[in-house]
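Subject: Handing over the structure

Hello,

Here is the structure I promised to pass on to you. Please open it alongside this email, and then read on for what turned up in it.

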Amino acid sequence: MIDSPSSMAPAYEARVEWAKGRMESLGVDCALITNLPNVRYLSGFSGTSGSILFIGGESFFLTDFRYTSQAEKEAPNHKIVEYKEFNDSLSNLLLANGCARMGFETERMTHHKAMELESKLDFIKMVPLKGFIEERRLVKDEPEIEAMAALNDLQADVFPKALALIKPGALERDIAVEIEYMLRKGGADGPAFDFIVASGERSALPHGVASGKTLDDGDLVTLDWGAKKWGYHSDNTRTVALGETDKELAKVYSIVLEANKSAIEFVRPGVTVKQVDDVARRIITKAGYGDFFGHGTGHGVGLDIHEKPTVSWREETVVQPGMVFTIEPGIYLPGRGGVRIEDMVAVTESGCDVLSERIPKEFMRV
Ligand code: ZN
Ligand code: ZN
């Protein structure tokens, strides 16, 4: 378990060197990083206002007075620049270091902001960069995997207590709040996203955020939850039965479990995410429920809760060691109920480690 963000320090330096070395091949002579998860990835900065400018072999960290000392402490591998007016400071840095073509993160910077910069910095050509830093984030290094493994372990520790909350008469919303409290008590900075606690008919809603519904005997209850710390996320789903459920739903559970396990077993370097998706989808389709599995099999997790690679039939990304993603097949029968079983895996040289391995997933009646 990483006990302090400083254990990530060597990784930040390597990432910054990598980014600096990419300018030429990107066709720019400087690049502005404004997407906060990317800023954190390159510096360790955990505040909410900061951007990085790579220029002339240097990296400058621009922030305002509220965050200057935090940036000095957390991002020592950058030259900290405190600005009053962002555009003015940026303009000064560009003029002082010489830059004609500035890359910017087109997927994150608003059109409005890009236009504003372009008119203010009229000596600069703004060059849209797509997935510049994200490309490297696709493959995680050891500290990142450790962080997410630790978050999954925290979930595994909390899980038995979470199960104890699932009983007839309990409110979905209360369960979500209690679980968040337990994760925070266990050391998480907060929830990774708004938890899904969906019971009975609502379990057929793939994104049924915890509501004011009370749990009833015979419900299937889907709990989709995760923790956040060091900027990283975890994401797991378990579906449990409250007493005796509909026989078909119990059958659906075993199909989803088989799809989940088979896809995980299939994950290894060299296969494509489409093939991984296909393993889960074929099992569900063969059982006659293909129309009720409308989403992709999984998604990458890291500094964003949903990031690349998307594990779906639409993507051809080749699986590589160090990728971390979810495997979360589901079957949703409208008006009746649904099952989703979600694990997080980290790809190794020969297969994958299941980070959520300690959270039981065999059919459970509570
Ligand atoms: Zn999830
Ligand atoms: Zn997920």
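Four donors around a metal count as tetrahedral if all angles lie between 85 and 135 degrees, and as square planar if opposite donors are over 155 degrees apart and all others between 65 and 115; anything else is irregular. Please keep in mind that this is a predicted model.

With that in hand, let's start at the metal. The zinc ion (ligand 1) has 4 donor atoms, and the angles among them run from 55 to 148°, so the site is irregular. Which residues coordinate this zinc ion? Asp 224 gives two OD atoms, Asp 235 gives an OD atom and Glu 342 an OE atom, at 1.9 to 2.6 Å. Along the sequence, the spacing of these donor residues reads D-x10-D-x106-E.

There is also a second metal to look at. The zinc ion (ligand 2) is 3.0 Å from the zinc ion (ligand 1), and Asp 235 coordinates both. Asp 224 and Asp 235 are 11 residues apart: Asp 224 is in strand β9 (residues 220-225), while Asp 235 is in the loop between β11 (232-233) and β12 (236-241).

Are these two aspartates buried or exposed? Asp 224 counts as buried because its relative accessibility is 5%. Asp 235 is buried too, with a relative accessible area of 3%.

Asp 224 is worth a closer look. Its side chain makes a polar contact of 3.1 Å with the side chain of Thr 237. Leaving aside residues up to four places away in sequence, Asp 224 touches several others, among them Phe 193, Phe 195, Ile 196, Arg 340 and the zinc donor Glu 342.

Now for the strands. Three of them form an open, antiparallel sheet in the order β7-β10-β11. Its edge strands are β7 (190-191) and β11, each pairing on one side only. Strand β10 (residues 227-229) pairs with β11 over 2 bridges, and Lys 229 stands opposite Tyr 232 in β11.

Further along, β16 (residues 330-333) and β17 (residues 337-340) pair in the antiparallel sense over 4 bridges. They form a hairpin with 3 residues between them, and Gly 335 in the turn has a positive phi of about 80°. Gly 330 has Arg 340 in β17 as its bridge partner, and Arg 340 is one of the residues that Asp 224 touches. In β16, Gly 330 and Tyr 332 point one way and Ile 331 and Leu 333 the other, and all are buried.

Enjoy exploring it!

Best wishes

Notes. Residues numbered from 1 in each chain as written. Chains lettered and ligands numbered in written order. Predicted model: local features only at pLDDT ≥ 70, side-chain atom pairs only at ≥ 80, totals over all residues. Heavy atoms only, no water. Donors = N, O, S within 2.8 Å, 3.2 Å for Na, K, Ca; no water. Tetrahedral: all angles 85-135°; square planar, octahedral: opposite > 155°, others 65-115°. Buried < 20%, exposed > 50% of the residue type's maximum accessible area, 1.4 Å probe, protein only. Polar contact = N/O pair within 3.5 Å; in protein donor to acceptor, adjacent residues only side chain to side chain. Contact = heavy atoms within 4.5 Å. Pairing = 2+ DSSP bridges.
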